[in-house]
Amino acid sequence: MDQASGLRELVSKKQIQKRDSNFITIASGKGGVGKTNFALNFSYLMANQYNKRVLLIDADFGMANIHLFVEADAKRNMKNLYNGASLDEVIQKADGFDVLLGFSGIDDIWELEDTTAQTIVAQLEQVSTQYDYIIIDTGAGIDDRIAGFLRASDRSYIVTTPEPTALMDAYALIKSMYNIYGYDQFKIVVNMSKNREDGKNTYNKLRISLNKFLRIDAELLGILPYTNSLRQSVRKKMLVCKNFPKDSYTVNMKRICESELRIQKTSSENFWQKLFDFMGKSE
């Protein structure tokens, strides 16, 4: 590299805008409610429709499958960081947004030296400032790792469906997080609803239980229908919002994105440090 090239690269790095990142965790009480599909299409629209810099993180420890929808290399994942790779080598380009795969490797964190964990935290914090939104797709249900992501996030979207067991499990997840950790930054997405009335009825059942038994509120973020285009897209591992821009699922997903854009940011300082602290790797 000549001197001029080096200077241009240095100037370019200095010109990278540090963004006030929003950390949103996507979770569900029950599997099979369309959570990952939601995370993918939400990320796609925020990046391509609303011109936001988005990093989608696959933190599903049991069913990590985001790479199948965006044709990413599953071997380029978080575990590479433990062997000295940089985040730039691990983060991959998708359809207008970036993806970070294989956070399931976090299991190994218990075996890491504290200095190594802190090096990874420092990399993650630095990279995060390049994004407007960090979207984290967790597994279904609740365990210590999922709780860690939820607790560290600015807010969490809980995806449920009108199915009674999905609704009951969504309530159980929220109840656990509130009773154990006092965390209540939840917003509700009702997926696979027959129509808007069905979605509203589903949300109201959850809202009433939260108010009555926990005395907390969780705002309805949006209602998404179960359309033929969505079924077709999931079967073919495609993004419905990319391939069917006029489908009612896409139209309603845009409304959710616009609701998110109206939210006033609170605080997400030291997200990664908080997460690693929750997982037992504090300094």
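1. Let me start with a residue that is easy to skip past in this predicted model: Asp98 is buried, with a relative accessible area of just 5%. Since anything under 20% counts as buried, the label follows directly from that value. The side chain of Asp98 meets that of Arg53 in a salt bridge, with an N to O distance of 3.9 Å. The cut-off for a salt bridge is 4 Å, so keep that in mind when you look at the 3.9 Å for this pair.

2. Where do the two partners sit? Asp98 belongs to strand 4 (residues 98-100), while Arg53 is in the loop between helix 2 and strand 2 (54-59), so the bridge links distant parts of the chain, 45 residues apart. Arg53 is partly exposed, at 28% relative accessible area. There is a third member here too: Lys93 joins Arg53 and Asp98 in a network of salt bridges.

3. Next, have a look at Asp137 and Lys35. Their side chains form a salt bridge at 3.0 Å, N to O. Asp137 comes from strand 5 (residues 133-140) and Lys35 from helix 2 (residues 35-48), so this pair ties together parts 102 residues apart in sequence. Are these two residues buried or exposed? Both Asp137 and Lys35 are buried.

4. Glu219 and Lys187 make another salt bridge, this one at 2.7 Å from N to O. Here the bridge runs between two strands: Glu219 is in strand 8 (residues 219-225) and Lys187 in strand 7 (residues 186-193), so parts 32 residues apart in sequence are tied together. On burial, Glu219 counts as partly exposed at 47% relative accessibility, whereas Lys187 counts as buried at 13%. For the overall tally, a search of the whole structure turns up eight salt bridges, including the Glu219 and Lys187 pair.

5. Now the helix packing. Two packed helices are described by the angle between their axes and the distance between those axes. Helix 2 and helix 12 (residues 248-261) have axes that come within 10 Å and cross at roughly 70°. The two helices are therefore roughly perpendicular to each other, and the crossing of helix 2 and helix 12 is right-handed.

6. Which residues make up that contact? From helix 2, the residues are Asn37, Phe38, Asn41, Phe42, Leu45 and Met46. They meet Tyr249, Thr250, Met253, Lys254, Ile256, Cys257, Glu260 and Leu261 in helix 12. By class, the contact of helix 2 with helix 12 has nine nonpolar, three polar and two charged residues.

7. Finally, two backbone spots to check. Arg215 has a positive phi of about 60°, although it is not a glycine. Arg215 lies in the loop between helix 9 (196-214) and strand 8, and it is exposed, at 74% relative accessible area. Lys237 is also a residue other than glycine with a positive phi, near 55°. This lysine is in the loop between helix 10 (228-235) and helix 11 (240-243), and at 37% relative accessibility Lys237 counts as partly exposed.

Key: Residues are numbered from 1 along each chain as its sequence is written. This is a predicted model: local features need pLDDT of at least 70, side-chain atom pairs count only at pLDDT 80 or more; totals for chains, interfaces and linings use all residues. Side-chain values use heavy atoms; hydrogens and water are left out. Helices (H or I, at least four residues) and strands (E, at least two) are DSSP runs, numbered from the N terminus. Buried means under 20% relative accessible area, exposed over 50%, partly exposed in between (1.4 Å probe, protein chains only). Axes are lines fitted to C-alpha atoms, for helices over the stretch in contact, and angles run from 0 to 180 degrees between N-to-C directions. Angles under 35 degrees count as roughly parallel, over 145 as roughly antiparallel, 65 to 115 as roughly perpendicular and the rest as oblique. A crossing is left-handed if the near helix is turned anticlockwise from the far one by less than a right angle, and right-handed if clockwise. Contact means heavy atoms within 4.5 Å. Ala, Val, Leu, Ile, Met, Phe, Trp, Tyr, Cys and Pro count as nonpolar, Asp, Glu, Lys and Arg as charged, and the others, Gly among them, as polar.
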